[in-house]
Amino acid sequence: MKLFEKLFRPRPPIRDRGALADFVDAQSAFIVQKGIYEYSRARAGHYAKVLFAEKDFARSVEYSRWQAYPLGLAMVGEMINGVLASEADGMQRRQILDQLIVVVLSVLDRYPVPPSIGETAWLEARNDLAHRLDLAGGHAPKRVMDIPDPLAEAYFAMMPIHEKLRGRDFQTTRNYLRVSLCNIHDELISRMDRAAVQRALIGDAAA
C-alpha cells in the first residue's frame, strides 16, 4: 500500500527557485536520455541487450547523454521562459529571463565536468546554453512544439549509433522531442504557481 501511495502521490508544487531548478534538472535529463536509450534500443532490435552490455557502447552512451544534456536544458529553459513571460510586461520579461538563465546555468553547474566531455567542450556548451537562452528574449515566445526544432538535428547527431546505421530517422527523433516537451509543459502548468515563481525571480533581480 505504501508503494502504491508513493507511486500516485501528487508531485510537489513549484513555487520557488529551488523547486524550479529541480524541475529543470529532472526534465532536461529525462528528455535527452530517454530519446538516446529508446532510439538505441530501436536501432539495435533483438541485439539491444548485447549492445548495451558492451563497454565501448556504454561509454558512447555516457558521452552522448552528457553531450546532449545542455540541449535539454536549453529546450526546457526556453519553454519555461515562454510560460512565465506570457503574462509579464516588457521590463519584467527581461528580468525573468535573466534570472531564469541564472537558474538554468546553476543546474548545469551542479555537476562536475564529465570526463567524457572535457573541460573545454563543457565550458563551450555552457556558454552556448547561456547564449541560446538569451536569444529567447529577442522574439515572441514560440509554440512549445516548435522549440526543439533548432536543436533537433544536433541532438540526432549525438546518438551513439553510427551515422550509416541511423537511416531516415531524423523526423522521428524531432517528433519525439516535440511531443516530450509538450508533455513537460503540461506538467509544468499543473505544478507551477506562476505568480509565486515570477515574484521569486523578479524579487531576486531587484535585490
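**Figure 1. Secondary structure of the predicted model.** The chain contains nine helices and zero strands. Read from the N terminus, its elements follow the order α-α-α-α-α-α-α-α-α. Of the contacts between residues at least 6 apart in sequence, 82% link residues at least 24 apart.

**Figure 2. Burial and accessible surface of the chain.** The chain comprises 207 residues, of which 42% count as buried. About 11,700 Å² is exposed, and carbon and sulfur atoms account for 55% of this area.

**Figure 3. Confidence along the chain, with helices H1 and H6.** The mean pLDDT of the chain is 86, and 83% of the residues reach at least 70. Among the elements, helix H6 (residues 119-135) has the highest mean pLDDT, 97, whereas helix H1 (residues 2-7) has the lowest, 44. Over residues 1-7 the pLDDT stays under 50, and the model shows zero contacts beyond four places in sequence for this segment. Where pLDDT is low, the predicted coordinates should not be read in detail.

**Figure 4. Surroundings of Arg94 in helix H5.** Arg94 lies within helix H5, which spans residues 90-108. Its relative accessible area is 32%, so Arg94 is classed as partly exposed. Leaving aside residues up to four places away in sequence, Arg94 touches Ile101, Asp134 and Gly137.

**Figure 5. Polar contact between Arg94 and Asp134.** The side chains of Arg94 and Asp134 form a polar contact at 2.8 Å. Asp134 is also one of the residues that Arg94 touches.

**Figure 6. Arg94 and Ile202.** These two residues are 108 positions apart along the chain, and a distance of 9.5 Å separates their C-alpha atoms.

Key: Residues numbered from 1 in each chain as written. Predicted model: local features only at pLDDT ≥ 70, side-chain atom pairs only at ≥ 80, totals over all residues. Heavy atoms only, no water. Helix = DSSP H or I, 4+ residues; strand = E, 2+ residues; numbered from the N terminus. Buried < 20%, exposed > 50% of the residue type's maximum accessible area, 1.4 Å probe, protein only. Contact = heavy atoms within 4.5 Å. Polar contact = N/O pair within 3.5 Å; in protein donor to acceptor, adjacent residues only side chain to side chain. pLDDT = per-residue confidence, 0-100. Areas by Shrake-Rupley, 256 points an atom, 1.4 Å probe, with all protein chains shown as cover.
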